[in-house]
Amino acid sequence: FFFKQKTAYEIRNCDWSSDVCSSDLADADTDTDADTDTDTDTDTLAEDDARVRALTDLPEGDSPCHEPRLVRVDDAVDGDTFWCVDQNDFSSFKVRIIGLDTPEIEHDDPAECYGDEAFAFTASQLDGRLAWLTFDSDCLDNYDRSLAYVIRGDGEDGFYNRVLLRQGYATVLTIAPDDTWADTFEEDEAAARSEDAGLWGACSR
């Protein structure tokens, strides 16, 4: 269905005591606000894409199994797993973030404490956004998921593995030989635990 938009003449000569005119103006204002919000979101995403593309300091393993890959995250599966699309060959694949474990969300069993929060955080931080994946010695796990570090910025705040640990959304899970950053991850977990951040304050231990 298509709706006819009022002309400037019709608006100027409208009976403003009528609900019809008031409703039309309100609808027009709402549409304008929505368009503005969409434009702003698009500009913000474009700026974020440009920032991530320009990153050159990409932490990785001592013996990476693959060169860094620029991907767009499509859909978070839980706090430590997501689907993404490679920006070079446009292949789609699932990623398991290295060196940590987030609580489980509900599947056949009820969600673990802080599982939903970790899932929501990863979805809010990664879904729809560009990220660099870097690698350690093993590229795949037993479920054919790519094992990767996730980089979206410089320093600690841009190293997503560390963000999850430092804010208490995950615990350390070290599986050799993908252990280049194990000591750093242990320090991040210890800091979160000492501050009762995230799951450390919310869940019984």
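**Exercise 1.** In this predicted model, decide whether Arg 69 counts as buried or exposed.

*Solution.* Step 1: take the relative accessibility of Arg 69, which is 14%. Step 2: compare this with the cut-off, where buried means under 20%. Step 3: Arg 69 therefore counts as buried. The residue belongs to strand E1, which covers residues 69-78.

**Exercise 2.** Find which side chains make polar contacts with the side chain of Arg 69, and place them among the residues that Arg 69 touches.

*Solution.* Step 1: the side chains of Arg 69 and Asp 86 are joined by a polar contact of 2.7 Å. Step 2: a polar contact of 3.4 Å links the Arg 69 side chain to that of Ser 91. Step 3: leaving out residues up to four places away in sequence, Arg 69 touches Asp 86 and Ser 91, along with Asp 89, Phe 93, Ala 131, Trp 132, Leu 133 and Phe 135.

**Exercise 3.** Work out how the buried residues of helix H3 are arranged around its axis, and what covers them.

*Solution.* Step 1: H3 runs over residues 115-126 and has 12 residues. Its span from first to last C-alpha is 16 Å, close to the 16 Å expected at 1.5 Å a residue. Step 2: the buried residues in H3 are Gly 115, Ala 118, Phe 121, Thr 122 and Leu 126. Step 3: viewed down the helix axis, these buried residues lie within an arc of 130 degrees, so they line one face of H3. Step 4: the cover over them includes strands E1, E2 (81-86) and E6 (146-151), and helix H5 (160-166).

**Exercise 4.** State which residue just after H3 takes a positive phi.

*Solution.* This residue is Gly 128, with a phi of about 80 degrees.

Conventions
Residues are numbered from 1 along each chain as its sequence is written. This is a predicted model: local features need pLDDT of at least 70, side-chain atom pairs count only at pLDDT 80 or more; totals for chains, interfaces and linings use all residues. Side-chain values use heavy atoms; hydrogens and water are left out. Helices (H or I, at least four residues) and strands (E, at least two) are DSSP runs, numbered from the N terminus. Buried means under 20% relative accessible area, exposed over 50%, partly exposed in between (1.4 Å probe, protein chains only). A polar contact is a pair of N or O atoms within 3.5 Å; within protein, one must be able to donate a hydrogen and the other to accept it, and residues adjacent in sequence count only if both atoms are side-chain atoms. Contact means heavy atoms within 4.5 Å. The expected span of a helix is 1.5 Å times one less than its number of residues. The arc is that of the directions from the helix axis to the C-beta atoms.
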